[in-house]
Every structure is written in C-alpha cells, then in structure tokens.
Amino acid sequence: MKIASWNINSVRFRIGIVEQFLREESPDILCLQETKVIDGDFPEDAFRALGYDHIIKHGQRMHHGVAIISRVPVVEDDRLDWQANQEARHVGVKLPNGVRLENVYVPAGGDVPNREVNPKFGQKLDFVERMTQWSAQLDTPTILSGDFNIAPLECDVWSHKQLLDVVSHTPIEVEALGRLQAAHDWVDLGRRFIPAPERCFTWWSYRAKDWRASNRGRRLDHMWASPSVADQATAHKVCEPCRDWLKPSDHVPIVTEFAW
DNA sequence: ATGGCTGGTAGAACCAGA
C-alpha cells in the first residue's frame with residue numbers, strides 16, 4: 001500500500017501534474033491539501049479515468065480544502081474542525097484493513113508569531129492543541145498525513161537561526177508540535193527513513209529565482225503513524241523533481257509505503 | 001533578498017499562502 005500526500009495549491013489549476021504524478025508514482029491513495037474548490041466543482045472525472053474511484057472531498061470556496069483520492073475502498077470516517085471556524089482542513093477515512101487515515105491542512109498562521117498581534121497565529125496554535133487532545137484519546141491504529149505547516153527540526157529548514165522568528169519554525173510552534181507528537185507516540189516516518197541531519201525539504205517559496213540553487217526550503221509536509229502502523233512502513237520518499245514540473249505547486253509530494 | 005510569486009475571485013485589487 002502506497003500512500004502519498006501533496007499540498008497542490010489548487011487541484012483544478014494543477015490537475016495536469018496531478019495526473020502525471022498518479023501515472024508515474026501510482027500511489028494507492030493520494031491525500032491532497034489546498035484543493036481550493038467546492039465539492040461540486042471537484043475534478044472527479046480525471047481521477048476516475050485513472051482508476052481512483054473513491055473520492056472523499058472536504059472543500060470550501062476559494063481557500064483551503066482537502067481530499068482523499070483512492071483506488072482501494074475507503075469509507076469517510078470524520079471531518080473535524082480543529083479550528084472551530086468551519087474551515088475545510090481535515091478529512092479522515094477508514095482503510096480496508098481498519099487503519100484510519102487522517103488528512104490534515106494545519107493553518108499557516110500568518111506573518112507575526114504573536115497571538116496578541118496576529119490572531120491567525122493563535123488559531124494555528126489552538127488547532128494544534130485540539131489535535132493534541134484528539135490524539136491523546138485515539139484508540140485506533142492511525143496514519144496522520146498532510147501539510148502541518150511546521151518544520152520541527154533544525155535541519156528541517158535552510159537556516160535554523162534565520163527562521164527562529166519566522167512562522168513555521170518558531171520555538172512555540174515546534175514545542176506545540178512536540179506535544180502533539182507525544183500525545184499518541186506518533187512516529188515521524190519522514191525522519192525514520194531519512195534520519196536527521198539529512199535535509200529533505202518539501203516546500204520551496206515561489207519567490208526564489210532558482211529554488212534549487214538557493215535551496216531555501218522547509219520540511220512542512222509530514223507522514224506520521226501510530227507505532228504499530230509505523231512498524232509496517234517499508235519506504236518513504238520526497239518527490240523533489242515535482243517542484244520542477246510545469247506550473248508546479250510550491251510543495252512536493254511525500255510518499256510512504258506499507259507492508260500490507 | 002524570506003518575499004522578489006502564485007491562484008481564486010473579481011472584473012481591480014484583495015486575501016491567503018508561509
């Protein structure tokens with residue numbers, strides 16, 4: 001079983017490279033974030049044509065939006081609102097073997113890492129805190145994947161020192177993510193297969209003239225699993241070449257394989 | 001020089017991303 005996760009930054013605008021990715025990588029399941037489309041306008045036909053008949057959507061107008069695309073039968077489990085503001089940032093399914101797959105798009109958090117000045121930063125922290133409470137009472141083997149918008153380790157950003165005050169790598173966010181991880185003993189599969197301090201960025205800004213030359217990336221996208229599920233993981237990679245595809249997303253897919 | 005870009009909605013200039 002091969003499970004991929006990709007922040008696509010508009011699934012309609014980039015449907016061509018999504019199809020290319022599905023053809024080349026052939027995951028069983030693809031978790032998408034930032035689909036930017038209401039459920040009624042989701043480009044289902046393109047997925048069905050490639051054999052992905054199970055399409056679980058949770059979209060909204062303009063922003064955010066998540067979806068799980070699968071060629072194995074999955075059943076929608078829940079769609080949680082960890083921000084309590086009705087934004088479409090999570091959808092979960094049950095896999096045929098009973099494992100849960102939770103696709104999450106954590107809020108970016110705005111520019112200023114101070115909740116008094118910037119309410120979005122507070123909402124991001126609250127979102128992660130609610131995920132932590134949810135994790136603490138999880139009693140099912142679960143995969144938690146998506147765009148967490150937090151790069152936890154020093155080697156998860158191009159410059160630890162220069163990003164200490166930049167939202168996505170501030171100590172307050174990293175500590176919040178640490179509490180989330182501890183609440184369920186989540187295993188960070190990215191780092192199980194690509195141990196620190198090796199770099200494995202999943203996002204590079206659109207603003208760099210040459211993203212590869214400057215390489216000012218961050219590891220914002222993650223695949224976590226319950227310990228019992230993590231023991232079944234056999235491979236994990238970051239699909240860096242996708243950053244060079246025509247009209248790319250600023251994120252690249254991550255792909256994890258499991259023994260079942 | 002981490003914001004220099006990008007998409008969506010609109011029908012110009014915002015919002016949002018991070």
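This section describes the fold of chain A, its two sheets, several individual residues and the surroundings of DNA strand B in a predicted model.

Chain A contains 8 helices and 14 strands. Along the principal axes, its C-alpha atoms fill a box of roughly 45 × 45 × 35 Å. For 260 residues, a compact globule would be expected to have a radius of gyration near 18 Å, and the 17 Å found for chain A agrees with this. Of the 260 residues, 43% count as buried. Sequence-distant pairs are well represented: among the contacts in chain A with a separation of 6 or more, 64% come from residues 24 or more positions apart.

One open sheet consists of 6 strands in the order β3-β4-β2-β1-β14-β13, and its pairing is mixed. The edges are taken by β3 (54-58) and β13 (233-238); each has a single partner strand, so one side of each is left without a neighbour in the sheet. On average, and with direction ignored, neighbouring strands here are turned by 10° against each other. Within this sheet, β2 (residues 29-33) pairs with β4 (residues 66-70) in the antiparallel sense over 5 bridges. In that pairing, Cys31 stands opposite Ile68 of β4.

Another open sheet, again of 6 strands with mixed pairing, follows the order β5-β6-β7-β8-β12-β9. Here β5 (75-78) and β9 are the edge strands, and because each has a single partner strand, one side of each is left without a neighbour in the sheet. Strand β12 is flanked by β8 and β9 in this order, and it repays a closer look. Strand β8 (residues 142-147) runs antiparallel to β12 and is joined to it by 5 bridges, with Ala225 of β12 as the bridge partner of Ile143. On the other side, β9 (residues 187-188) is also antiparallel to β12, through 2 bridges. Val187 stands opposite Ala225, while Asp188 has Trp224 as its bridge partner.

How many of the residues of β12 (residues 221-225) are buried? The count is 5 of 5, and the strand is accordingly described as mostly covered. In a regular strand the side chains alternate between the two faces of the sheet. In β12, Asp221, Met223 and Ala225 point one way and His222 and Trp224 the other way, and all are buried.

Two residues help to show how separate parts of the chain come together. Phe47 belongs to helix α2 (residues 44-49) and is buried, with 23 other C-beta atoms within 10 Å. Neighbours within four places in sequence aside, Phe47 is in contact with Tyr52, Ile55 and Ile69. The C-alpha atoms of Phe47 and Ser70 are 8.9 Å apart, although the two residues are separated by 23 residues in sequence. Cys239, in turn, sits in the loop between β13 and β14 (254-258). With 17 other C-beta atoms within 10 Å, Cys239 is partly exposed. Leaving out residues up to four places away in sequence, Cys239 touches Glu25, Val252, Pro253 and Val255. Of these, Pro253 lies 14 residues from Cys239 along the chain, with 5.4 Å between the C-alpha atoms.

Some backbone details deserve a check by anyone preparing the model for calculation. Most residues other than glycine have a negative phi, and most peptide bonds are trans. Lys36, which is not a glycine, nevertheless has a positive phi of about 55°. Lys36 is placed in the loop between β2 and α2 and counts as buried, with 21 C-beta neighbours inside 10 Å. Ser168 also has a positive phi, of about 120°, without being a glycine. The loop between α4 (160-163) and α5 (171-184) holds Ser168, which counts as buried with 23 C-beta neighbours inside 10 Å. The peptide bond from Ala196 to Pro197 is cis, with omega near 10°. Pro197 is located in the loop between α6 (189-193) and β10 (203-204).

Ser168 reappears in the surroundings of DNA strand B. Of the 28 residues around that strand, Ser10, Phe13, Ala108, Ser168 and Arg207 come nearest. What is the make-up of the surface near DNA strand B in nonpolar, polar and charged residues? The division is 10 nonpolar, 8 polar and 10 charged.

Methods:
Residues are numbered from 1 along each chain as its sequence is written. Chains are lettered from A and ligands numbered from 1 in the order in which they are written. This is a predicted model: local features need pLDDT of at least 70, side-chain atom pairs count only at pLDDT 80 or more; totals for chains, interfaces and linings use all residues. Two strands pair if DSSP finds at least two bridges between them. Helices (H or I, at least four residues) and strands (E, at least two) are DSSP runs, numbered from the N terminus. Axes are lines fitted to C-alpha atoms, for helices over the stretch in contact, and angles run from 0 to 180 degrees between N-to-C directions. A residue is near a molecule or strand if its C-beta atom, placed from the backbone, lies within 6 Å of it. Ala, Val, Leu, Ile, Met, Phe, Trp, Tyr, Cys and Pro count as nonpolar, Asp, Glu, Lys and Arg as charged, and the others, Gly among them, as polar. A residue is buried if 20 or more other C-beta atoms lie within 10 Å of its own, exposed if 12 or fewer, and partly exposed in between; C-beta atoms are placed from the backbone. Two residues are in contact if their C-beta atoms, placed from the backbone, lie within 7 Å. The radius of gyration is taken over C-alpha atoms; the globule rule is 2.2 Å times the number of residues to the power 0.38.
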